Amino acid sequence: MSTSLTSRKYFLVYEISFLSLMAALVYVFKTYFRTPIQLPGHTAIFWVIPFIIGIGITCKFGSGTYIGILSGLLIGFIGMADTGPLKVFEYVAMGFTMDVLSVVFRGYLTNIAVGFVLGSLGSFAKLIVNYSITGAIVTNANVILVGIGVAGATHLIFGGAGGVISSIVLSRIQHIKLPTRILDKKKTES
Amino acid sequence: MEFKSRVIVSLVVVAVLIVAVFAIQFIALNQEVSTTHGEYRLDETFTSQDLIYGSQGWAPYASKIPLIPGGNVDSDQFYIMFVDLNATSNLNSTFPRVQVDYIFTGLHGIAAFHVYGYIQGNGGIQWTNRVEGAGANGYYVTNDPKPTTALNGTEAMEDYSQVYFKVANTAGVSFDDYGNNTYFMRFGKAGGGLNSLHITTNPQVPTGQVTNTSNLAGTFFVNFTGDRTQNDFILLVAVNGAIESDFSLHLKSSVPD
């Protein structure tokens, strides 16, 4: 297997570092950002941004899932999450959904409609997993379902809004390339 | 499929999901409400001597919150008692909640009901209902208002956010975690812990509403909608006006099936 093929397939240290920073940013947004809006899921407008920017900059399948694993572990273990470590599944679901959608819309992540779809459906996937876990281990289904209309709509709309912001940011920073391996560079130059 | 078509399909999926979640909510809210309940968990009469805290214009929280919507935390004069309902919602019920039946005698002012939630092992109480703003709920009874009279033998609460407090129940607290027959308030950042506990008069509106009534006898429900299961509910009862020897409050709590 050639080095360039390896670097295309696997994450480089630079990319891992960058995605880890994005995961940390998700944790910060989720844990410390408070707004006066009294709607469930409205903070999705913040925490979908690092996901989409991470996926957009690295352009590799699995970026969103990696951010999801790391941010989920951070939030689950030290972010005072109600469901504790199970929180990781919510963020993995969100990252994986965005990864799949980024394949569907490969090369178009700077389009605001695509950003909306990624943010919206990613945020909604997180809600579904959250409700599944909560319904299974904590409370009964009806308690959740009586509020799913508002919660679902806000996750979709605010997640979509965060996705739009991400696309705009991404369109301004997409020219920034992460460092690549020296061998890859040489190979490309030759 | 072209890029444009993929975008349109995805946006349609988002729109369909929005409609679907509201449809699911509508179905969930229109289920039958059970009116039967098990034996009473609390059946006790409280008098003016049980109003041991005050006078004060605030309820304990991360910051001082008013006891009535629009109230003044610095100048309002209420006397307060806490009552352990010895009950939590039955999670097998369609609309999990605890029913509270009350009967006042000798009320000459406003009586405000608020709820606090206890979770075992949490290290303190961190949840209450929202008194003001979007999502506010509470239950207020007003009858024959007269100027507030001073009650003897009351004490000021030592703090508003980190404080041990006694309950008025003869049996004491249900969960004596600290060995001193008290509960402990452990509120942190202002803004948190106000969304999951509710007081409602309609089980089909689990997030509750603000109820103002002049009925000296009535029923309301307390519940939680968050993803943390509350092990017990504690009522805060705040009374102002003329509190005389004929004042009494009979409270019953039960858990609907």
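How many of the 10 residues of strand β7 (residues 109-118) of chain B are buried? Select the strand: 10 of the 10 are buried, so β7(B) is largely enclosed by the rest of the structure. Buried means that 20 or more other C-beta atoms, placed from the backbone, lie within 10 Å of the residue's own. Strands (E, at least two residues) and helices (H or I, at least four) are DSSP runs, numbered from the N terminus.

This is a predicted model: local features need pLDDT of at least 70, side-chain atom pairs count only at pLDDT 80 or more, and totals for chains, interfaces and linings use all residues. Residues are numbered from 1 along each chain as its sequence is written, with chains lettered from A and ligands numbered from 1 in the order in which they are written.

**Partners of β7(B)**

Strands pair if DSSP finds at least two bridges between them.

- Add β15 (residues 232-239) of chain B: eight bridges, antiparallel. B:His114 faces B:Leu236 here.
- Add β9 (residues 138-143) of chain B: five bridges, antiparallel. Find B:Ala111 opposite B:Val141.
- Add β8 (residues 127-128) of chain B: two bridges, antiparallel. B:Tyr116 has B:Thr128 as its bridge partner.

**Over to chain A**

Select α2 (residues 13-32) and α4 (residues 49-58) of chain A. Their axes, lines fitted to C-alpha atoms over the stretch in contact, come within 9 Å and cross at roughly 170°. The two helices are therefore roughly antiparallel (an angle over 145 degrees, on a scale from 0 to 180 between N-to-C directions). Residues in contact (C-beta atoms, placed from the backbone, within 7 Å) include A:Phe18 and A:Met22 of α2(A), and A:Phe51 and A:Ile57 of α4(A).

**Between the chains**

Finish at the contact: 29 residues from chain B and 28 from chain A.

Note on methods: Angles under 35 degrees count as roughly parallel, over 145 as roughly antiparallel, 65 to 115 as roughly perpendicular and the rest as oblique. Two residues are in contact if their C-beta atoms, placed from the backbone, lie within 7 Å. A residue is buried if 20 or more other C-beta atoms lie within 10 Å of its own, exposed if 12 or fewer, and partly exposed in between; C-beta atoms are placed from the backbone.
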